[in-house]
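Colleague: I would like a close look at one part of this model. Please keep it brisk.

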Amino acid sequence: QVQLVESGGGLVQPGGSLRLSCVASGRIYSITSMGWYRQAPGKQRELVALITRGGTINYADSVKGRFTISRDGAKNTIYLQMSSLNPEDTAVYYCNAQFDRAYWGKGTQVTVSS
C-alpha cells in the first residue's frame with residue numbers, strides 16, 4: 001500500500017555533506033511515521049532519524065547535531081540532510097515508512113572516503 005523511492009546517495013569526502021530524499025506513494029496519509037535507517041559493514045541495521053506524523057523527531061546519538069530529517073507539507077517526501085560526514089557514516093541507508101506494517105526502500109549507498 002506504500003511505495004518508497006530513494007535518491008541522493010553517493011561518494012563524499014570526510015567533512016562533506018549529502019542530502020537523501022525518499023518519496024512515498026500510495027496511501028501516504030495512512031503513514032504514521034517515516035525515517036532513515038542504516039546498515040554499515042559488519043554492523044546491524046540502526047535507526048538514524050525518525051519523524052512522526054505529528055512532527056516528533058528522534059535521532060541516533062551518533063548523528064545528533066550533524067544530520068537533519070525533514071518532510072514536505074504533503075508528507076509524501078522526507079529528507080535527510082547529512083553534514084560533517086565521517087567514515088563511520090558509511091553505510092547503506094534505507095527509507096522506512098510505518099502504516100499497517102513497516103515499508104522499506106531499496107537502500108542507497110553512502111560512502112565517506114578520501
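How many bridges join S7 to strand S8, and which way do the two strands run? Please take in the sheet around them, and Glu6 too.

Modeller: This is a predicted model, where local features need pLDDT of at least 70, side-chain atom pairs count only at pLDDT 80 or more, and totals for chains, interfaces and linings use all residues. Residues are numbered from 1 along each chain as its sequence is written, and side-chain values use heavy atoms, leaving out hydrogens and water.

S7 and S8 (residues 77-82) are joined by 5 bridges and run antiparallel. Strands here are DSSP E runs of at least two residues, numbered from the N terminus. Two strands pair if DSSP finds at least two bridges between them. Ile69 stands opposite Leu80 in S8.

Now the sheet. It is open, with 4 antiparallel strands in the order S1-S3-S8-S7. S1 and S7 (67-71) are the edge strands, each pairing on one side only. Neighbouring strands are turned by 15° against each other on average, direction ignored. That angle is between lines fitted to C-alpha atoms.

At the other edge, S1 (residues 2-7) holds Glu6. Glu6 is buried (under 20% relative accessible area, 1.4 Å probe, protein chains only). Glu6 has no salt bridge (a Lys or Arg side-chain nitrogen within 4 Å of an Asp or Glu carboxyl oxygen). The nearest side chain of opposite charge, Lys106, is 8.8 Å away. The Glu6 side chain instead reaches backbone nitrogens: that of Cys95 at 2.4 Å and that of Gly107 at 2.6 Å. Beyond four places in sequence, Glu6 touches residues including Trp36, Tyr93 and Tyr94 (heavy atoms within 4.5 Å).

How values were computed:
Buried means under 20% relative accessible area, exposed over 50%, partly exposed in between (1.4 Å probe, protein chains only). Lys and Arg count as positive and Asp and Glu as negative; His and the chain ends are not counted. A polar contact is a pair of N or O atoms within 3.5 Å; within protein, one must be able to donate a hydrogen and the other to accept it, and residues adjacent in sequence count only if both atoms are side-chain atoms. Axes are lines fitted to C-alpha atoms, for helices over the stretch in contact, and angles run from 0 to 180 degrees between N-to-C directions.
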